[in-house]
Amino acid sequence: QVQLVESGGGLVQAGDSLRLSCAASGRTFSSRAMGWFRQGQGKEREFVASINWSGGSTSYADSVKGRFMISRDNAKNTVYLQMNSLKPEDTAVYYCAAKNPLTMKFEYWGQGTQVTVSS
């Protein structure tokens, strides 16, 4: 089992930066791929970014490519999402997720952290 706790959300202005953190419990963090997803009001949850177990491979949604960066610190059991040049359309609840290495699906989720970008 993995427990995930996000932090770092808040209210910012367009063009600002924000860094989200996701602290994971358990001894298996370093073996799991991790991801960030978001869900805007009235919208479905969407993929934002993912990172493999070592941090050597990352993937991004087209909408955030070049502005967001995912990273991880396995010594701290933490994954980060650096968000730059934020836009009002980035407003959403951001969720951290961990993959089950057996199914390769994101099966563990945090409670989410709200990010609001004003224009």
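Biologist: What makes β1 and β7 the edge strands of the open sheet?

Modeller: In this predicted model, the sheet has 4 strands in the order β1-β3-β8-β7, with antiparallel pairing. Strands β1 (4-7) and β7 (68-73) each pair on one side only, and are the edge strands. The twist averages 15° from one strand to the next.

Biologist: How do you know that β3 and β8 pair?

Modeller: Two strands count as paired if DSSP finds at least two bridges between them. Strands β3 (residues 18-24) and β8 (residues 78-83) have 6 bridges, in the antiparallel sense, so they meet that cut-off. L18 stands opposite M83 in β8.

Biologist: What makes β7 and β8 a pair?

Modeller: The same cut-off of at least two bridges applies, and β7 and β8 pair over 6 bridges, again antiparallel. R72 stands opposite V79 in β8. Their hairpin has 4 residues between the strands, and N77 takes a positive phi near 55°.

Biologist: Which side chains of β7 are called buried, and why?

Modeller: Buried means under 20% relative accessible area. F68, I70 and R72, which point to one face, are buried, while M69, S71 and D73 point to the other and are not. In a regular strand the side chains alternate between the two faces of the sheet. Across the protein, buried residues make up 42% of the 119 residues.

Biologist: The protein has 0 helices and 11 strands. Why is it called as compact as a globular protein of that length?

Modeller: The radius of gyration is 13 Å and the globule rule gives 14 Å for 119 residues; the two are close, so the protein is as compact as a globular protein of that length.

Notes
Residues are numbered from 1 along each chain as its sequence is written. This is a predicted model: local features need pLDDT of at least 70, side-chain atom pairs count only at pLDDT 80 or more; totals for chains, interfaces and linings use all residues. Side-chain values use heavy atoms; hydrogens and water are left out. Helices (H or I, at least four residues) and strands (E, at least two) are DSSP runs, numbered from the N terminus. Axes are lines fitted to C-alpha atoms, for helices over the stretch in contact, and angles run from 0 to 180 degrees between N-to-C directions. Buried means under 20% relative accessible area, exposed over 50%, partly exposed in between (1.4 Å probe, protein chains only). The radius of gyration is taken over C-alpha atoms; the globule rule is 2.2 Å times the number of residues to the power 0.38.
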